[in-house]
Amino acid sequence: MSFTAADHAHMARALQLAERAAFTTKPNPMVGCVIADGERVLGEGWHERAGEPHAEVHALRAAGSRAQGATAYVTLEPCSHHGRTPPCADALVGAGVTRVVAASRDPFYQVAGQGFAKLQAAGITVEHGLMEAAARHLNRGFFSRIERGRPWVRVKLGMSLDGRTALASGESKWITSDASRADVMRWRARSGAILTGIGTVLADDPKLTVRLPDDQAFVPPLRVVLDERGRLPARSALLTDGAAPTMAVHADDVVPDYGDEVTAFAVRRGGLGLDLNAVLSQLAQRGVNELQVEAGATLSGALIKAGLVDELLLYVAPVLLGERGKPLFAGIDSATMSERLGLRLVETRQIGPDLRLLLAP
């Protein structure tokens, strides 16, 4: 299928629009739409928040009657079912567009090609696959949840130049800079949930909240703590700070008393702790697209060893903590070079005095 330079330009713009709602659409995917006639843009929009009008509706409203005979560029297949909003495919048909270009098919079972079929049945030309890789990357969490049945897992860690995450005493505040910690807030804001372990809670009592400028809208991510034996303290910040909901995960042979401040679910044990695959499956069922892990070496290492890490967000500070400092991961012990775990460098960026590395297995 051949696409023009104008097609590419409009889809690139639609992807830019979609990303504007990275903090607000969850659990829905980020979607952008441009209505155009040749090179001329007639209207544009994006899905701003779950439960509100989708990208196509905003773009069609902006285009008005000019949408008749135009092309709609949308980053994801238009929906064909009645959810909290009417079908976007119907809106496109009603507006009289004659061509729809989509970046990607929607894998959600209530759409999954049915949106395209509805458009084609109305005589609209449908083409898809334009900038599909970029569209899937933008919504990698949504595609992971629908296609794999688990969230996209991103492990965030901060370390010194000599690969240490804390002093031998456990002190780690602060290895990285203010700029890096502010950057982490934006990654938290786009996540559906933030996962930590009970060891981190007992040692550091983190809040795991999002702190952004007052004019920046976001949906607070769920805070999840793996608490195998039900030890979460009633006075922990996760329970007393009401800025975001908290959920605890415990073993299925434990009956903890968390009170009314936290929801909980049980999973079977597996390996040295809880069954991590079962945890991820449960979170996906609760609508979590992207899961950001902010934990210690034990949980981070267990996820790496289990092959469950999709993305490693690593902040490297220009400091040295020495050989007695705590390592980045626990439980990884390669006996030979052939057994080492390889990572692919996706992106490198300087954040203040620190270096931010984005890596993938």
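In this predicted model, R20 lies over the face of W46, at 4.7 Å from the ring centre. A second arginine is placed in a comparable way: the charged end of R136 sits over the ring of F143, 4.3 Å from its centre. The briefing below turns from these rings to two groups of positions that UniProt lists under "binding site" in an unreviewed entry, one with H54, C79 and C88 and one with S172, R188, L208, R211 and E294. It closes with N289, a buried residue in the loop between α10 and β14.

**Aromatic rings**

- The count of aromatic pairs comes to 1.
- That pair is formed by F142 and F143, whose rings are edge-to-face, with 5.8 Å from centre to centre and 75° between the planes.
- F142 is buried, because its relative accessibility is 5%, under the 20% that marks the limit for buried residues.
- F143 is likewise buried, with a relative accessible area of 4%.
- F143 thus appears in two arrangements: its ring pairs with that of F142, and the charged end of R136 sits over it.

**The positions H54, C79 and C88**

- UniProt gives H54, C79 and C88 for "binding site", and the entry is unreviewed.
- These positions span 35 residues in sequence, yet no two of their C-alpha atoms are more than 9.2 Å apart, so they gather at one spot.
- C79 is found in the loop between β3 (71-74) and α3 (88-95), whereas C88 lies in helix α3 itself.
- C79 is buried because its relative accessible area is 7%, a value under the 20% limit.
- C88 is also buried, at 0% relative accessibility.
- Beyond residues up to four places away in sequence, C79 touches H54, P86, P87, C88, A89 and V111.
- With the same neighbours left out, C88 touches H54, E56, P78 and C79.
- H54 is therefore among the contacts of C79 and also among those of C88, in keeping with the gathering of the three positions at one spot.

**Cysteines and disulfides**

- The structure holds 0 disulfides.
- The sulfur of C79 has its closest cysteine sulfur in C88, at 3.7 Å, which is too far for a bond because a disulfide requires the two sulfur atoms to be within 2.5 Å.
- Viewed from the other side, C88 is in no disulfide, and the nearest cysteine sulfur is that of C79.
- C79 and C88 are nevertheless in contact with each other.

**The positions S172, R188, L208, R211 and E294**

- A further "binding site" feature in UniProt, also from an unreviewed entry, is placed at S172, R188, L208, R211 and E294.
- L208 has its place in the loop between α8 (198-204) and β9 (222-226).
- E294 is found in another loop, between β14 and α11 (297-305).
- L208 counts as buried at 6% relative accessibility, and E294 is buried with a relative accessible area of 9%.
- Leaving aside neighbours within four places in sequence, L208 is in contact with R188, I194, T196, R223, L238 and E294.
- On the same basis, E294 is in contact with K156, V184, R188, I194, L195, T196 and L208.
- Within this group of listed positions, L208 thus touches both R188 and E294.
- The side chain of E294 also makes a polar contact with the side chain of R188, at 2.8 Å.

**N289 and its surroundings**

- N289 is found in the loop between α10 (276-285) and β14 (290-293).
- N289 is buried because its relative accessibility is 8%, under the 20% limit.
- The side chain of N289 makes a polar contact with the side chain of R145 at 2.5 Å.
- The side chain of N289 also reaches the backbone oxygen of P27, at 2.8 Å.
- Apart from neighbours within four places in sequence, N289 is in contact with P27, N28, G141, F142, R145, P151 and W152.
- One of these contacts, F142, is the residue that forms the edge-to-face pair with F143.

How values were computed. Residues are numbered from 1 along each chain as its sequence is written. This is a predicted model: local features need pLDDT of at least 70, side-chain atom pairs count only at pLDDT 80 or more; totals for chains, interfaces and linings use all residues. Side-chain values use heavy atoms; hydrogens and water are left out. Helices (H or I, at least four residues) and strands (E, at least two) are DSSP runs, numbered from the N terminus. Buried means under 20% relative accessible area, exposed over 50%, partly exposed in between (1.4 Å probe, protein chains only). A polar contact is a pair of N or O atoms within 3.5 Å; within protein, one must be able to donate a hydrogen and the other to accept it, and residues adjacent in sequence count only if both atoms are side-chain atoms. Contact means heavy atoms within 4.5 Å. UniProt positions are given in the numbering used here, feature names are shortened, and annotations may be inferred rather than shown by experiment. Rings of Phe, Tyr and Trp (its six-membered ring) pair if their centres lie within 6.5 Å; planes under 30 degrees apart count as stacked, over 60 as edge-to-face and the rest as tilted. A charge sits over a ring if NZ of Lys or CZ of Arg is within 6 Å of the ring centre and within 35 degrees of the ring normal.
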